[in-house]
Amino acid sequence: MKRISTAFFTLTVLLASSAYAQDGEKLFKQNCASCHTLTDKAMVGPGLAGLFDRIPSEEWAISWVKNSSKMVAAGDPYAVKIFNANNKVPMSAFEFLSDEEIKGVLSYIRNPPVKEVPAAAAVVADAGAKPSGALAGDTLIYVLVGLALLLLLLLVVLRGVKRSLTHLVSERDGVPAPVEKGAVGTLLSWMNTHRGWTAFSVLVVVLILLRMGIQGLMTIGVYQGYAPTQPINFSHKIHAGQNGINCVYCHSSAEKGKTAGIPSLNVCMNCHSYVDQGPTGTAEIAKIYRALDYDPATKTYGSKPTPVKWVRVHNLPDLSYFNHSQHVVAGQIPCQTCHGAVEEQAVVGQHSPLTMGWCIDCHRTTNVQVTDNGYYEDLHKRTPEWHNGDPITVERIGGLECAKCHY
Ligand code: HEC
Ligand code: HEC
Ligand code: HEC
Ligand code: HEC
Ligand code: HEC
Ligand code: HEC
């Protein structure tokens with residue numbers, strides 16, 4: 001009994017501490033990662049590798065995190081020392097964190113995770129993920145066509161061998177060689193004697209060609225899965241995924257207007273003026289500096305910036321009109337419904353077909369979000385009996401009218 005309860009106790013402590021460690025990771029990423037790395041590298045604050053070898057104690061760290069300025073003001077010698085060593089940049093206070101939460105963060109700092117798989121590997125894996133299905137299909141066709149050609153070649157060779165053998169035999173017997181019908185002749189006479197089979201084969205071939213033709217026509221201009229290589233290896237997985245940066249932090253016009261837009265490099269510099277290294281090294285981030293004509297050593301901008309030529313992924317034809325804010329703000333549709341799990345993609349690709357059928361299907365089945373929607377509040381006040389609280393689809397507000405999307 002005693003042993004069981006000891007084991008139970010140990011287990012609870014272990015579970016609790018690992019729970020703290022997990023919270024610690026989350027809390028660190030949310031609160032500390034913008035200024036501290038877990039390595040030697042300084043960002044806004046010093047790198048935290050080997051922290052516990054230099055600070056006075058864990059208790060010291062807890063009160064430091066809660067309110068470092070107070071400790072500096074109180075003249076704590078180590079606090080004053082690092083404050084001065086960091087050009088007197090004050091660290092934010094975290095009085096809202098409990099002692100337990102800070103202990104969790106500290107234990108995460110003490111045992112940082114093993115370095116994650118570099119993004120380059122992830123890039124390859126992700127980029128390969130989508131087209132591989134399509135590729136498998138293509139490869140199969142090539143293999144089949146190759147096999148057919150090989151069989152044909154074998155047939156021709158065997159025919160040649162047979163012909164020279166017959167020649168040899170007739171030469172030996174001293175009789176004239178039999179008249180050759182030739183391949184076409186043989187085929188024609190076979191078709192003449194097997195009319196049912198001939199009609200059937202012709203039908204099959206025609207049907208296959210028809211199907212291929214229709215499929216080809218349907219997919220003209222549909223680029224689902226298109227994920228081009230970009231001039232800078234920008235990863236949504238690192239930014240929107242691991243670092244949890246909100247989509248509209250970068251694509252800010254998605255909530256305001258027609259286009260979502262691609263952020264200017266100045267937005268990148270909010271972070272990359274001090275984050276000069278990613279999981280694959282410094283080369284990719286250096287491209288931002290080069291484009292902005294920025295010298296990271298002196299932190300000065302030159303006079304010859306060159307724009308980065310991002311490759312456009314999504315592109316509706318000019319004949320149609322699509323508006324982001326209408327869908328994101330009024331329609332309250334998350335980006336992921338149309339763009340897929342972008343935050344998991346190292347290379348962003350086109351998730352949806354972007355055909356007219358795709359737009360229409362959704363308009364037929366999706367209800368307009370009228371409750372708790374600022375966009376509709378005013379309308380509701382003016383026309384309270386508008387829809388008697390029944391759900392209404394986009395179709396009913398005119399979402400299938402040609403002129404809404406074509407003008
Ligand atoms: C706004 C930037 C900023 C944030 C956010 C921040 N720190 Fe700091 N931190 C600093 C700076 C700057 C220093 C250096 C001391 C100074 O100048 O006040 C520092 C120093 C420290 C030190 C002492 C480092 C040493 O080398 O002795 C610890 C420990 C620390 N921070 C932990 C944390 C933890 C834990 C968090 C998250 C809960 C956090 N910091 C969030 C800026 C920040
Ligand atoms: C740190 C800034 C940043 C954040 C955060 C971000 N993006 Fe992007 N996004 C970019 C940049 C830069 C590009 C252009 C390069 C590329 O295509 O990879 C881009 C491209 C895209 C594209 C393709 C654009 C085209 O050419 O058609 C889509 C779709 C997209 N982002 C959606 C999202 C979604 C959804 C989120 C949130 C989950 C998000 N982005 C978060 C910076 C960002
Ligand atoms: C809110 C902060 C933030 C913004 C804004 C931001 N980044 Fe980053 N970026 C990071 C962080 C943090 C890392 C490093 C991640 C790591 O080391 O795990 C990073 C890494 C990178 C890398 C290195 C990837 C690799 O494989 O090594 C590139 C390239 C990059 N960012 C490009 C951009 C571009 C382009 C923009 C602007 C469109 C941008 N970033 C905007 C925080 C940001
Ligand atoms: C209802 C579907 C839908 C939703 C929701 C949606 N998008 Fe889009 N997005 C599209 C379509 C369609 C295009 C192509 C637009 C074009 O080519 O004119 C596009 C294009 C883009 C582009 C390329 C640049 C541009 O503006 O054309 C980016 C970046 C983008 N979307 C980001 C986002 C982000 C971020 C969100 C969420 C805040 C979002 N999208 C929500 C359908 C959607
Ligand atoms: C995921 C579902 C979804 C997809 C996909 C979608 N829409 Fe919509 N769309 C909506 C919703 C919901 C609304 C209603 C927004 C509102 O409340 O005004 C809407 C509204 C509209 C409107 C305004 C209709 C009106 O009567 O006011 C236009 C125009 C429109 N969409 C165009 C498009 C086009 C073009 C595409 C394809 C490129 C598209 N939509 C794809 C959900 C979608
Ligand atoms: C919800 C938005 C929407 C509505 C409503 C809509 N369309 Fe479209 N339509 C599109 C989009 C988006 C495309 C482009 C898709 C593509 O290229 O595959 C398109 C393409 C077309 C094309 C093909 C042009 C080409 O070059 O292939 C024709 C024709 C067309 N629409 C006619 C109509 C007619 C007629 C109506 C009314 C009965 C209508 N559309 C209603 C969104 C819409």
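A pocket is an open set of grid points, computed over the protein atoms alone, with protein on both sides within 12 Å along at least five of seven lines. The legends below describe close-up views of a predicted model.

**View 1. Ligand 6 in its pocket.** The space taken by ligand 6 is the second largest pocket. The ligand is surrounded by 16 residues, of which Pro317, Met356, Cys402, Cys405 and His406 are the closest. Two helices, α17 (356–365) and α19 (402–405), each supply at least two residues of this shell. The greatest contribution comes from α17, with four residues. A polar contact is also present: an N or O atom in the side chain of histidine 406 lies 2.7 Å from a nitrogen atom of ligand 6.

**View 2. The iron site of ligand 2.** His236 and His251 are the protein donors of the iron atom of ligand 2, each through NE2, and lie 2.0 Å from it. These two residues link distant parts of the chain, 15 residues apart: histidine 236 belongs to helix α11 (residues 236–242), whereas histidine 251 lies in the loop between α12 (247–250) and α13 (265–272). The iron site is octahedral, with angles of 88 to 180 degrees among its six donor atoms. For six octahedral donors, the ideal angles at a metal are 90 or 180 degrees. Histidine 236 counts as buried because its relative accessibility is 15%, under the 20% limit. Histidine 251, with a relative accessible area of 23%, is partly exposed.

**View 3. The surroundings of ligand 2.** A shell of 23 residues surrounds ligand 2, and the closest are His236, Cys247, Cys250, His251 and His314. Histidine 251 has a side-chain N or O atom 2.8 Å from a nitrogen atom of the ligand. Backbone contacts involve oxygen of ligand 2: a polar backbone atom of valine 313 lies 2.7 Å from an oxygen atom, and a backbone N or O atom of histidine 314 is likewise 2.7 Å from an oxygen atom. Two or more residues of the shell come from each of α11, α12 and α16 (335–339).

**View 4. The iron site of ligand 3.** The iron atom of ligand 3 has His239 (NE2) and His272 (NE2) as its protein donors, at 1.9 Å. Histidine 239 lies in helix α11 and histidine 272 in helix α13, so the pair ties together parts that are 33 residues apart in sequence. The site is octahedral, and the angles among its six donor atoms run from 85 to 180 degrees. Histidine 272 is buried, with a relative accessible area of 12%.

Terms used. Residues are numbered from 1 along each chain as its sequence is written. Chains are lettered from A and ligands numbered from 1 in the order in which they are written. This is a predicted model: local features need pLDDT of at least 70, side-chain atom pairs count only at pLDDT 80 or more; totals for chains, interfaces and linings use all residues. Side-chain values use heavy atoms; hydrogens and water are left out. Donors are N, O and S atoms within 2.8 Å of the metal (3.2 Å for Na, K and Ca); water is not among the atoms, so sites may look incomplete. Four donors count as tetrahedral if all angles lie between 85 and 135 degrees; four count as square planar and six as octahedral if opposite donors are over 155 degrees apart and all others between 65 and 115; anything else is irregular. Buried means under 20% relative accessible area, exposed over 50%, partly exposed in between (1.4 Å probe, protein chains only). A residue is near a molecule or strand if one of its heavy atoms lies within 4 Å of it. A polar contact is a pair of N or O atoms within 3.5 Å; within protein, one must be able to donate a hydrogen and the other to accept it, and residues adjacent in sequence count only if both atoms are side-chain atoms. On a 1 Å grid over the protein atoms alone, a cavity is a set of points where a 1.4 Å probe fits but cannot get out, and a pocket is an open set with protein on both sides within 12 Å along at least five of seven lines; lining residues have an atom within 4 Å of a point. A molecule sits in a cavity or pocket if more than half of its atoms lie within 2 Å of its grid points.
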